[in-house]
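Biologist: Please take a close look at the charged side chains in this model and how they pair. I would like one connected account, with enough of the surrounding fold to place each pair.

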Amino acid sequence: MTGKGKRERITLVCSECKQRNYDTIKNKANDPDRLQMNKYCPFCRKHTLHKESK
């Protein structure tokens, strides 16, 4: 855990090339499910779906 409260550091993984591209934090109390968002993947050179890894 990082700092105070229920915020936790997570890593986002590209669904196509499986590269770990982004680190972010989320509040586990507000978002108990895994995050999914469209982000730019520099390895694929396009916007792809990035999912929260374990």
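**Charged pairs and where they sit**

Modeller: The chain carries 14 positive and 6 negative charges, and the mean positions of the two sets are 3 Å apart. Keep in mind that this is a predicted model.

The fold comes before the pairs. The chain has four strands and zero helices, so the order from the N terminus is β-β-β-β by the DSSP assignment. Along the principal axes, the C-alpha atoms fill a box of roughly 35 × 20 × 15 Å. Of the 54 residues in the chain, 20% are buried. The exposed surface comes to about 4200 Å², with 45% of that supplied by carbon and sulfur atoms. Among contacts with a separation of 6 or more, 31% are between residues 24 or more positions apart.

Now the charges. Side chains of opposite charge can pair when their charged atoms come close. The count here is four salt bridges, and three of them, taken in turn below, are those of E8, D23 and K26.

E8 pairs with K28, and the closest N and O atoms of this salt bridge are 3.9 Å apart. E8 is in strand β1, while K28 is in the loop between β2 (20-27) and β3 (36-41); the two residues are 20 apart, so the pair links distant parts of the chain. The cut-off for a salt bridge is 4 Å, and this pair counts because its 3.9 Å falls within that limit. As for cover, E8 has 26% relative accessibility and is therefore partly exposed. K28, at 32% relative accessibility, is also partly exposed.

The next pair is D23 with R9, whose closest N and O atoms are 2.9 Å apart. D23 belongs to strand β2 and R9 to strand β1, so this salt bridge ties together parts 14 residues apart in sequence. The side chains of R9 and D23 are also joined by a polar contact of 2.9 Å. Strand β1, where R9 lies, covers residues 7-14. R9 counts as exposed because its relative accessibility of 55% is over the 50% cut-off. D23 has a relative accessible area of 47%, which makes this residue partly exposed. For scale, the C-alpha atoms of R9 and N30 are 14 Å apart in space, with their positions 21 residues apart in sequence.

The pair of K26 and E52 is a salt bridge of 2.9 Å, N to O. K26 lies in strand β2 and E52 in strand β4, so the pair ties together parts that are 26 residues apart in sequence. Both K26 and E52 are buried, whereas R9 in the D23 pair is exposed.

Strand β4 (residues 46-52) also holds T48, which gives a view of the surroundings of that strand. T48 has 2% relative accessibility and therefore counts as buried, the cut-off being under 20%. Leaving aside residues up to four places away in sequence, T48 touches C14, E16, M37, N38, K39 and C41.

In short, the pairs described differ in cover: E8 is partly exposed, R9 is exposed, and K26 and E52 are buried.

Technical notes. Residues numbered from 1 in each chain as written. Predicted model: local features only at pLDDT ≥ 70, side-chain atom pairs only at ≥ 80, totals over all residues. Heavy atoms only, no water. Buried < 20%, exposed > 50% of the residue type's maximum accessible area, 1.4 Å probe, protein only. Contact = heavy atoms within 4.5 Å. Areas by Shrake-Rupley, 256 points an atom, 1.4 Å probe, with all protein chains shown as cover. Lys, Arg positive; Asp, Glu negative; His and termini not counted. Charge placed at Lys NZ, Arg CZ, Asp CG, Glu CD. Polar contact = N/O pair within 3.5 Å; in protein donor to acceptor, adjacent residues only side chain to side chain. Salt bridge = Lys/Arg side-chain N within 4 Å of Asp/Glu carboxyl O.
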